[in-house]
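Student: I would like a close look at a single part of this structure, namely the sheet and what surrounds its strands. Could you take me through that part in one connected account?

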Amino acid sequence: MTAFILTSPDIADGSTIAQSFEFDSFGCSGKNQSPVLRWSGAPVGTKSFAVHVYDPDAPTGSGFWHWYVIDLPPSVSELPANAGAQGGTNLPKGARQIRNDYGSYAWGGMCPPPGDKPHRYIFTVHALSVERIDVPDDAPAALTGFMVNANTLAKASFTATYGR
């Protein structure tokens with residue numbers, strides 16, 4: 001059995017994330033572009049994928065969803081640089097971006113409060129047992145996460161940090 005893994009040539013597991021991936025508002029001045037993500041070893045029976053980026057250290061009481069993509073076809077095993085552009089034009093056909101905690105349907109880069117201990121950013125891909133996650137286009141990330149977790153065959157993650 002092959003291990004299900006997620007990697008990025010832009011962000012290594014356990015590394016510090018480059019400033020270029022930072023958000024471009026709220027006092028942050030990055031390029032706000034999503035990194036390349038690649039996965040392999042999905043289990044037999046995978047019918048779609050979901051990808052998300054989550055900051056459990058955000059001072060919100062509930063963490064912060066930076067990006068959530070669902071309905072990625074089973075033939076896809078990579079998201080290119082800036083796949084998270086507003087409007088989804090850089091995503092594979094059929095894939096949907098869920099509203100992030102900045103309120104946009106796009107990648108929302110890192111922007112932890114200045115002086116905070118560096119935050120952890122957890123990048124995760126889910127191999128799913130369904131072709132499509134049954135949530136409306138305006139579903140919040142929490143509801144989407146519930147439906148993704150209910151249909152997950154396997155998941156793979158890596159964590160990197162960022163602080164200002």
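Tutor: What follows goes from the order of the strands to their pairings, and then to the residues packed around them.

The model is a predicted one, and its sheet is open, with five strands in the order E6-E4-E3-E7-E8 and antiparallel pairing. The edges are formed by strand E6 (96-97) and E8, each of which pairs on one side only. Helix H1, residues 141-150, packs on this sheet and touches E3, E4, E7 and E8, while its direction makes about 50 degrees with that of E4.

Strand E7 deserves particular attention here. Its pairing with E8 is antiparallel and runs over 10 bridges, and within that pairing valine 125 has alanine 156 in E8 as its bridge partner. E7 also pairs with E3, again in the antiparallel sense, over seven bridges, and there phenylalanine 49 stands opposite alanine 127 in E7. The strand is mostly covered, since eight of the 10 residues of E7 are buried. In a regular strand, side chains alternate between the two faces of the sheet.

One residue of E7 to examine is histidine 126, which counts as buried because its relative accessibility is 1%, against a cut-off of under 20% for a buried residue. The side chain of histidine 126 makes a polar contact, at 2.9 Å, with the side chain of threonine 152. Beyond its neighbours within four places in sequence, histidine 126 is in contact with Phe4, Ser48, Phe49, Ala50, His52, Val148, Asn149, Thr152, Ala154 and Lys155.

A second residue to examine is phenylalanine 123, which belongs to the largest nonpolar core, a set of 29 residues; together with Ile17, Trp39, Trp67 and Met110, phenylalanine 123 is among the members that touch the most others. At least two residues of this core come from each of strand E2 (37-40), strand E3 (48-55), strand E4 (64-72), strand E7 (119-128) and strand E8 (152-162), and E8 gives the most, with five residues. Again leaving aside neighbours within four places in sequence, the contacts of phenylalanine 123 include Leu6, Ile11, Ile17, Leu37, Trp107 and Met110, as well as His52, Val53, Ala156 and Phe158. Another core lies apart from this one and has 12 residues, including Ile98, Leu128, Ile133 and Val135.

On the other side of E3 in the strand order comes E4, and the two pair in the antiparallel sense over six bridges. Within this pairing tyrosine 54 has tryptophan 65 in E4 as its bridge partner, and both tyrosine 54 and tryptophan 65 are buried.

These two residues also bring in the aromatic rings, of which the whole structure holds 10 pairs. The ring centres of tyrosine 54 and tryptophan 65 are 4.5 Å apart and the planes stand at 45 degrees, so this pair is tilted. The pair links distant parts of the chain, with tyrosine 54 in strand E3 and tryptophan 65 in strand E4, 11 residues apart. Phe23, Phe26, Phe64 and Tyr102, for their part, form one aromatic cluster.

Technical notes
Residues are numbered from 1 along each chain as its sequence is written. This is a predicted model: local features need pLDDT of at least 70, side-chain atom pairs count only at pLDDT 80 or more; totals for chains, interfaces and linings use all residues. Side-chain values use heavy atoms; hydrogens and water are left out. A nonpolar core is a set of buried Ala, Val, Leu, Ile, Met, Phe, Trp, Tyr and Cys residues joined through side-chain atoms within 4.5 Å. Buried means under 20% relative accessible area, exposed over 50%, partly exposed in between (1.4 Å probe, protein chains only). Helices (H or I, at least four residues) and strands (E, at least two) are DSSP runs, numbered from the N terminus. Contact means heavy atoms within 4.5 Å. A polar contact is a pair of N or O atoms within 3.5 Å; within protein, one must be able to donate a hydrogen and the other to accept it, and residues adjacent in sequence count only if both atoms are side-chain atoms. Two strands pair if DSSP finds at least two bridges between them. Axes are lines fitted to C-alpha atoms, for helices over the stretch in contact, and angles run from 0 to 180 degrees between N-to-C directions. Rings of Phe, Tyr and Trp (its six-membered ring) pair if their centres lie within 6.5 Å; planes under 30 degrees apart count as stacked, over 60 as edge-to-face and the rest as tilted.
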